[in-house]
Amino acid sequence: MCGIVGYVGKQKATPLILEGLKRLEYRGYDSAGVVVLQGGKFDVAKKIGRVANLEKEVAQHHLSGTYGMGHTRWATHGGVTDANAHPHVSSDGAIALIHNGVIENYAKIKKFLLTKGYSFKSETDTEVLCNLIAYHYAKEPLATNGDSRFVESVRRTLRHAEGTYGIVVMALDAPGELVTARKGSPLILGLGDGESLVASDVSAIVSRTQSVVYLKDGEIAHLTPKNFSITTLGSDAVEPVIDTVTWSIADSEMGEHAHFMEKEIFEQPIALENAMRGRFSEDGSTAQFGGLNISAGEFRTIERFMFCACGTALHACMVTEHLIESFARIPVECDYASEFRYRNAPLIPNTLFFVMSQSGETIDTLAAMREAKRKGFKVLAVNNVVGSTIAREADGGIYQHVGPEVGVASTKAFTSQLLIGAMLALYIGRMRDLSFGSGVRYVTALKGAPDLVRKTLLQAPHIREIAKRIAKYHDMLFLGRLSLFPIALEGALKMKEISSLHAEGYPAAEMKHGPIALISDQCPSVFLVPSGEIVNKIISSMQEIKSRKGPIIAIVSEGVELPAGLADETILIPECHEAVLPIVASIPVQLLSYYVAVERKCDVDKPRNLAKSVTVE
Ligand code: G6P
């Protein structure tokens with residue numbers, strides 16, 4: 001949600017900022033803007049639409065300064081207009097600001113500032129914050145602890161701000177300085193050679209430096225080309241921890257693929273190999289994790305698991321629920337993080353919490369985690385982004401290790417979450433009643449998953465042809481049962497997200513209690529049909545659709561024989577172990593939504609109204 005990048009150094013700031021913004025565009029793409037300080041004034045360029053529009057706008061200006069900052073916006077307060085785009089400059093011209101988050105008490109502050117003579121050009125909460133910094137900057141004396149007036153005025157402002165923020169501030173009379181602060185929105189400092197950077201995401205700065213500092217909530221950093229210092233809102237000095245980013249810029253580039261989503265779909269065999277590397281026991285009968293920070297003894301006392309997440313990650317939790325209940329026989333509950341945080345759920349003792357989040361920054365997931373911790377529970381996180389807020393605040397966890405995921409619609413992160421969920425079920429199962437032999441078969445199956453995914457990916461040309469035929473429809477159903485019900489939900493979510501085609505996911509048998517009313521020759525259904533006992537029940541549901549003229553696309557395990565003529569289109573997936581089935585079945589639903597989106601000429605990597613990481617409520 002909203003991309004932020006700031007630079008102070010020797011290079012021209014604008015090209016570096018634009019390059020960073022392009023890498024951050026997946027965080028928000030309603031509008032973009034840049035400001036540099038040059039010749040004693042702020043030079044601002046901003047434009048609605050993509051960073052490419054901003055580039056054209058920048059060409060009209062001569063932004064040659066070596067200090068500056070830029071922003072890609074995902075609108076919260078105020079419509080998508082040039083005026084509402086960031087950066088904002090205070091009405092006295094002294095302060096420029098970019099902001100990610102929501103200032104909840106902005107109306108009250110605005111009223112106050114109007115009485116002090118400040119004026120506003122936009123409808124945003126950000127412009128209000130910007131003017132409040134200007135107000136303090138104009139008024140406050142030097143701070144007593146040695147901080148500059150600039151830092152102190154930001155600190156005083158933030159003490160009045162309710163809500164969330166990741167901000168970068170420039171002051172007209174402080175060239176070569178950036179002040180940045182966070183509460184609830186991620187910010188990372190990049191420490192380069194004679195230059196300093198700040199960004200909402202490592203990908204924006206990794207081409208300049210791999211030395212980074214993850215700012216924490218309640219901290220304010222002051223950056224100059226050669227130095228940086230961090231203090232708290234309460235004016236205490238902070239000893240920074242400098243981390244090294246382990247991936248390079250090539251990891252977040254598209255290569256020969258048409259879209260990041262396509263690249264990430266086809267990367268999944270390798271992503272799965274990376275996610276499982278070093279995570280099986282020597283005897284080959286169970287999984288092992290380095291960072292859970294919870295002993296086997298403690299695990300044995302757990303009587304219930306609770307999983308919270310949002311979007312695609314919640315679907316991964318739902319599959320994990322099914323596998324833990326099947327293989328470890330312990331009750332599991334899954335909840336939308338956004339609901340859990342407010343519903344004051346009664347929680348039994350000996351519950352172990354998990355959150356799943358690719359980005360580790362989703363605000364609802366973070367809030368659910370904090371709520372569980374506040375109630376005295378341990379919370380473990382499954383997360384892809386090293387150093388993310390969720391990773392740092394969790395009591396322990398499991399990194400997905402699949403590298404940066406740039407496509408807004410999650411694919412490789414999702415299947416690696418499914419894999420980790422399956423490994424957790426095995427780990428917990430082996431502590432209980434799952435036998436050595438069953439554990440060995442389970443491990444062998446998981447190790448074979450990348451090859452089964454490779455094999456399934458070979459169906460891509462066939463799925464592309466099917467996509468051409470279904471791209472014309474306006475509504476679809478995705479239907480599955482047991483561990484494939486969450487995959488049906490995920491298929492429908494993907495179709496909505498990137499193809500703007502209305503789709504619903506349902507348990508196949510539940511379809512007759514309502515959604516069947518939608519069935520006609522204009523509403524196709526995608527059925528997920530595994531082998532096993534349930535297959536005849538699913539075939540009955542397919543017959544119910546067929547007799548109402550609904551087109552059927554069947555994703556079928558090899559070896560299952562469907563009655564002749566029942567499915568209009570068939571996609572075969574390899575027969576596999578129950579723990580691997582959801583991973584393999586995800587591939588055709590991802591490819592189907594991807595090719596439908598391509599066919600419908602949708603902007604696959606930046607779907608309408610979405611953002612990769614939602615850091616506002
Ligand atoms: C957004 C994205 C979804 C994603 C969800 C959770 O809504 O559009 O694709 O699944 O956030 O993201 P997380 O980073 O917490 O997994």
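This is a short dialogue on reading the domains and one sheet of a predicted model.

User: What should I know before I start, and which domains does the protein chain have?

Analyst: Residues are numbered from 1 along each chain as its sequence is written. In this predicted model local features need pLDDT of at least 70, side-chain atom pairs count only at pLDDT 80 or more, totals for chains, interfaces and linings use all residues, and side-chain values use heavy atoms, with hydrogens and water left out. The chain is divided into domain 1 (3-249), domain 2 (254-447) and domain 3 (457-617), with bounds from an automatic or database domain assignment. Between domain 1 and domain 3, the C-alpha centres lie 43 Å apart.

User: In what order do the 8 strands of the open sheet come?

Analyst: Strands of a sheet pair through backbone hydrogen bonds, either parallel or antiparallel. Here the order is E3-E2-E4-E1-E10-E9-E11-E15, with antiparallel pairing. Strand E3 (41-48) and strand E15 (243-244) each have a single partner strand, so one side of each lacks a neighbour in the sheet. Strands (E, at least two residues) and helices (H or I, at least four) are DSSP runs numbered from the N terminus, and two strands pair if DSSP finds at least two bridges between them.

User: How many bridges join strand E2 to E3?

Analyst: There are 8, linking residues 31-38 of E2 to antiparallel E3. Alanine 32 faces lysine 47 of E3 there.

User: Which strands does helix H1 touch?

Analyst: Contact means heavy atoms within 4.5 Å. Helix H1 (residues 13-24) packs on the sheet, touching strand E1 (3-8), E2 and strand E4 (67-73).

Notes. Axes are lines fitted to C-alpha atoms, for helices over the stretch in contact, and angles run from 0 to 180 degrees between N-to-C directions.
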